[in-house]
Amino acid sequence: MDYTDILYAEANQVATITINRPKVYNAFRPRTVVELLDAFLKAGWASDIGAIVLTGAGDKAFCTGGDQSDHSGQYGDGSTRGTVGMPVEELHSVIRDVPKPVIAKVRGYAIGGGNVLATICDLTIAGEGAIFGQVGPKMGSVDPGFGTAYLARVVGEKKAREIWYMCRRYSARQAMEMGLVNAVVPDDKLDAEVETWCAELVQRSPTAIAIAKKSFNADSDSIRGIGGLGMQALRLYYATAESQEGVKALNEKRPPRFRDFLK
Ligand SMILES: CC(C)(COP(=O)(O)OP(=O)(O)OC[C@H]1O[C@@H](n2cnc3c(N)ncnc32)[C@H](O)[C@@H]1OP(=O)(O)O)[C@@H](O)C(=O)NCCC(=O)NCCSC(=O)c1cc(O)c2ccccc2c1O
């Protein structure tokens, strides 16, 4: 498959997948998700690859979630599979299912669905300028399944609820304190730090790592079912005036008036 929205590179037994849409802070549209799926499957099943790095192009963002300029009631023009117009739930599953450790290398914003992607990766290494957070209830969205229930496994129930209900932003250091991040380094040392982690990972027994990963996943795999159910609900929510007010307000750069749409 030819890639337009992502970059794919292999070096030293490490595959690096870069979301390459810096003008929209690496937000994903349906095509981006399809390309990411293809790249994860390629890297995940290549026997000479021992670790996968997911990152974003430029220094502003890792990923800011769904592309809100391509979202009115559902994502895209309806031509891509996926409950809400793009196969995000498949992407979440593939990051978990590939038998390789996946590292999120976070520079800048990891917001909305971008924070969800970083959360789902096995490990997260952040530059000290990175900013994490969820924005769904501020802009008419929510990420049922791994974005909520699995986040609670990672940071605890109280913190996960705070993150989702309050829609605040958290520094890389705060994210590390709550267990969302494994290591924080100066931004200009981030690439080298991730390379060091990968160089260690590729020395480990690939089969032992694959079994460990599957074992960690098995304990939280019921969340996949919650996500599937939740995506069906999200599809219905996206069709409401209340949800669409959030997207409209974001694009018009004004505060949303959600309560105008309560029945
Ligand atoms: C990330 C920000 C807080 C940064 O704010 P800042 O003020 O620093 O920068 P700007 O706001 O001026 O942004 C610069 C530039 O980038 C564009 N941009 C940024 N993010 C997006 C985006 N997500 N979509 C489209 N465009 C984006 C922005 O418009 C600017 O362009 P200009 O041309 O005006 O220069 C702030 O940008 C921000 O809050 N961004 C929006 C974040 C957001 O709402 N994300 C979507 C949340 S919903 C979601 O992610 C999601 C997750 C899932 O898991 C899903 C699963 C299944 C289906 C759907 C899902 C889903 O939608």
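1. Start with Ala-218. This residue has 9 C-beta neighbours inside 10 Å, so it counts as exposed. Ala-218 is found in helix 9, which runs over residues 206-220. Ala-218 and Ala-199 are 19 residues apart in sequence. In space their C-alpha atoms are 27 Å apart.

2. On confidence: this is a predicted model. The protein chain averages a pLDDT of 96. Of its residues, 100% score at least 70. For the complex, the predictor gives an ipTM of 0.96 and a pTM of 0.97.

3. Next, the ligand. It is surrounded by 23 residues. The closest are Ala-27, Gly-65, Gly-66, Gly-112 and Gly-113. Three elements give two or more residues to this shell: strand 6 (109-111), helix 3 (113-120) and helix 4 (136-139). By class, the shell divides into 11 nonpolar residues, 10 polar and two charged.

4. Strand 6 also belongs to a sheet. Four strands form this open sheet, in the order 4-6-8-9, with mixed pairing. Strand 4 (61-63) and strand 9 (170-171) stand at the edges. Each has a single partner strand, so one side of each is left without a neighbour in the sheet. Strand 4 pairs with strand 6 in the parallel sense, over two bridges. In this pairing Ala-61 stands opposite Tyr-109 of strand 6.

5. Now the hairpin of strand 1 and strand 2. The two strands pair in the antiparallel sense over six bridges. Glu-10 stands opposite Ala-15 in strand 2. Two residues lie between the strands of the hairpin. Asn-12 takes a positive phi there, near 50 degrees.

6. Gln-13 is placed in the loop between strand 1 and strand 2. Is Gln-13 buried, exposed or partly exposed? It has 16 C-beta neighbours inside 10 Å, so it counts as partly exposed. Not counting residues up to four places away in sequence, Gln-13 touches Asp-48, Ile-49, Gly-50 and Val-202. The last of these contacts spans a long stretch of sequence: Gln-13 and Val-202 are 189 residues apart along the chain. Their C-alpha atoms are separated by 6.9 Å.

7. Helix 1 covers residues 30-44. At 1.5 Å a residue, its 15 residues should span 21 Å. The end C-alpha atoms are 21 Å apart, which agrees. Buried residues in helix 1 are Pro-30, Thr-32, Val-33, Val-34, Glu-35, Leu-36, Ala-39, Phe-40 and Ala-43. Glu-35 is worth a look in that list, as a buried residue of helix 1. What covers these buried residues? The cover includes strand 1 (6-11), strand 2 (14-19), strand 3 (51-56) and helix 2 (88-97). Both strands of the hairpin, strand 1 and strand 2, are thus among the elements over helix 1.

8. Finally, Trp-164. This residue is found in helix 6, residues 157-166. Trp-164 counts as partly exposed, because 19 C-beta neighbours lie inside 10 Å and the buried class needs 20 or more. Which residues does Trp-164 contact beyond its neighbours within four places in sequence? They are Gln-134, Gly-136, Pro-137 and Thr-148. Gln-134 is 30 residues away along the chain. The C-alpha atoms of Trp-164 and Gln-134 are separated by 5.8 Å.

Definitions and conventions:
Residues numbered from 1 in each chain as written. Predicted model: local features only at pLDDT ≥ 70, side-chain atom pairs only at ≥ 80, totals over all residues. Near = placed C-beta within 6 Å. Nonpolar A, V, L, I, M, F, W, Y, C, P; charged D, E, K, R; others polar. Pairing = 2+ DSSP bridges. pLDDT = per-residue confidence, 0-100. Buried ≥ 20, exposed ≤ 12 C-beta atoms within 10 Å, placed from the backbone. Contact = placed C-beta atoms within 7 Å. Expected span 1.5 Å × (residues − 1).
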